[in-house]
Amino acid sequence: MKLYYKDILNFIRHLTLGRVTNSLKLVSSFYLTKWTRKPIQWGLPMTISVEPTTACNLKCPECPSGLRSFSRATGNLKADFFRKTIDQLAQKLIYLIFYFQGEPYINPKFLEMVKYANDKGLYTITSTNGHFLSRENCLETIKSGLDRIIISVDGTSQETYESYRKEGKLEVVLEGARNLVKAKKELRSATPHIIFQFLVVKPNEHQIPEIYELAEEIGVDEVKLKTAQLYEPTQDHPLMPENKQYSRYVQNEKGDYVIKNKLEDHCWKLWHACVITWDGMVVPCCFDKDAVHRLGDLREESFEKVWTGQAYTDFRKRILKGRDTIDICQNCTEGCQVWA
């Protein structure tokens with residue numbers, strides 16, 4: 001595995017004694033939980049994902065934002081609510097992911113919130129479909145202090161790209177990446193660390209070598225291959241890769257496609273991370289896309305009260321008793337080693 005030393009050193013720069021101590025508490029309580037089979041929780045999360053918006057400009061077929069299929073409300077995260085929430089967590093939190101569902105740059109206050117988190121000493125990450133990386137936005141992105149940006153580039157030709165990124169324009173995305181690389185040079189900034197994320201599906205798997213070449217040509221720092229979550233995985237699914245290495249799924253003895261990893265009755269995510277929706281709901285992880293498993297409402301109580309509350313404790317107990325009985329866990333890659 002290739003190491004990106006500049007990004008690693010930048011991450012380390014954000015560490016403090018309080019944050020490291022909190023992380024050690026989380027690790028200790030997680031392993032103690034595994035040994036005792038009782039939900040012991042010490043410390044606050046070391047990472048959270050916040051949702052800037054549920055809106056998106058694309059219509060990707062395996063995404064609730066793209067399908068416009070949410071049962072929950074659509075909206076934008078408010079900057080004042082964000083600041084209030086981060087103030088509760090900043091001393092313990094190490095990194096902050098500005099993404100859950102939707103396209104972050106649609107929220108007009110997105111980069112303002114990134115700047116606030118950066119001023120609190122947090123390592124910040126976002127994921128974007130790349131259609132809003134104008135020269136002006138790129139300059140403001142760098143000035144915000146964003147540490148890492150993941151740009152979805154799921155094809156090296158327009159035909160292949162739009163087979164998943166419906167209504168997307170590949171050239172717009174690539175020009176946005178060039179704008180960001182150029183802006184980094186102009187401002188003499190080492191950040192953000194730029195990643196091309198390539199969601200491997202049947203229409204594009206033959207282009208994997210080409211995405212590496214394209215990233216190098218543009219000056220992108222890293223390429224990550226990602227497996228696709230399919231809601232109804234079958235051999236004839238139009239997105240199911242032919243090369244099984246790039247699939248999350250494998251056929252069982254009945255011929256059905258199931259997730260590759262074993263659903264062991266524990267989950268590190270439940271101990272060190274969570275997701276906060278745009279309207280303040282706390283949910284267990286990124287697999288709860290429709291926020292069905294709501295563990296608390298930050299409009300009504302503090303984060304710490306939610307994190308240590310009865311709803312969270314009960315959900316952790318459910319994980320320990322049988323992770324395969326929880327709907328959002330049944331398609332989860334937690335503990336799954338996908339790549340050779």
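1. Let's start with the right-handed β-α-β unit, which is built from strand 5, helix 9 and strand 6. Bear in mind that this is a predicted model. Helix 9 covers residues 208-218, while strand 5 takes in residues 193-200 and strand 6 residues 222-227. The two strands run parallel and are joined by 6 bridges. If you want one pair to click on, try Val200, whose bridge partner in strand 6 is Thr227.

2. Next, strand 1, which has a strand partner in strand 2 and another in strand 9. Strand 2 (residues 95-98) runs parallel to strand 1, with 4 bridges between them. Strand 9 (residues 273-276) also pairs with strand 1 in the parallel sense, over 4 bridges. Val50 is a handy place to see both pairings: its bridge partner in strand 2 is Phe98, and in strand 9 it stands opposite Ile276.

3. Which residues of strand 1 are buried on one side, and which on the other? Thr47 and Ser49 are on one side, Ile48 and Val50 on the other, and all of them are buried, so both faces of the strand are covered.

4. Thr54 deserves a look of its own. You'll find Thr54 in the loop between strand 1 (47-50) and helix 3 (64-67). Is Thr54 buried or exposed? Its relative accessibility is 3%, and the cut-off for buried is under 20%, so Thr54 counts as buried. A polar atom of the Thr54 side chain sits 3.0 Å from the backbone nitrogen of Gly75. Leaving out residues up to four places away in sequence, Thr54 touches a list of residues that includes Ser65, Phe70, Arg72, Gln101 and Trp278.

5. Tyr249 is another buried residue, at 2% relative accessible area, and it belongs to strand 7 (residues 249-251). A polar atom of the Tyr249 side chain lies 2.8 Å from the backbone nitrogen of Leu230. Leu230 also turns up among the contacts of Tyr249 beyond four places in sequence, along with, for example, Pro233, Met240, Tyr257, Ile259 and Asn331. Don't expect to find Trp268 beside it, though: the C-alpha atoms of Tyr249 and Trp268 are 21 Å apart, with 19 residues of separation in sequence.

6. Now the charges. How many salt bridges does a search of the whole structure find? The count is 16. One of them joins the side chains of Lys120 and Asp87, at 3.2 Å from N to O. Lys120 is in the loop between helix 5 (110-119) and strand 3 (123-128), whereas Asp87 is in helix 4 (residues 79-89), so this pair ties together parts that are 33 residues apart in sequence. Both ends are partly exposed: Lys120 has 35% relative accessibility, and Asp87 has a relative accessible area of 42%.

7. Glu186 and Arg135 form another salt bridge, with 3.1 Å between the closest N and O atoms. Here the link is between distant parts of the chain, since Glu186 is in helix 8 (residues 170-186) and Arg135 in helix 6 (residues 135-144), 51 residues apart. Glu186 is partly exposed at 37%, and so is Arg135 at 45%.

8. For a local counterpart, stay in helix 6. The side chains of Glu140 and Lys143 meet in a salt bridge at 3.9 Å, N to O. The two residues are 3 apart in that helix, which means about one helical turn separates them. Glu140 is partly exposed, with a relative accessible area of 38%.

9. There is a salt-bridge network to check as well: Arg83, Lys109 and Glu112 are linked in it.

10. Finally, the aromatics. The count comes to 11 aromatic pairs. In one of them, Tyr105 and Phe110 have ring centres 4.9 Å apart and planes at 70°, so the pair is edge-to-face. Both residues are buried, Tyr105 at 10% and Phe110 at 1%. Elsewhere, Phe30, Tyr31, Trp35, Trp268 and Trp271 form one aromatic cluster.

Notes. Residues numbered from 1 in each chain as written. Predicted model: local features only at pLDDT ≥ 70, side-chain atom pairs only at ≥ 80, totals over all residues. Heavy atoms only, no water. Pairing = 2+ DSSP bridges. Right-handed = clockwise from strand over helix to strand, strands pointing away. Buried < 20%, exposed > 50% of the residue type's maximum accessible area, 1.4 Å probe, protein only. Contact = heavy atoms within 4.5 Å. Polar contact = N/O pair within 3.5 Å; in protein donor to acceptor, adjacent residues only side chain to side chain. Salt bridge = Lys/Arg side-chain N within 4 Å of Asp/Glu carboxyl O. Phe/Tyr/Trp six-rings, centres within 6.5 Å; stacked < 30°, edge-to-face > 60°.
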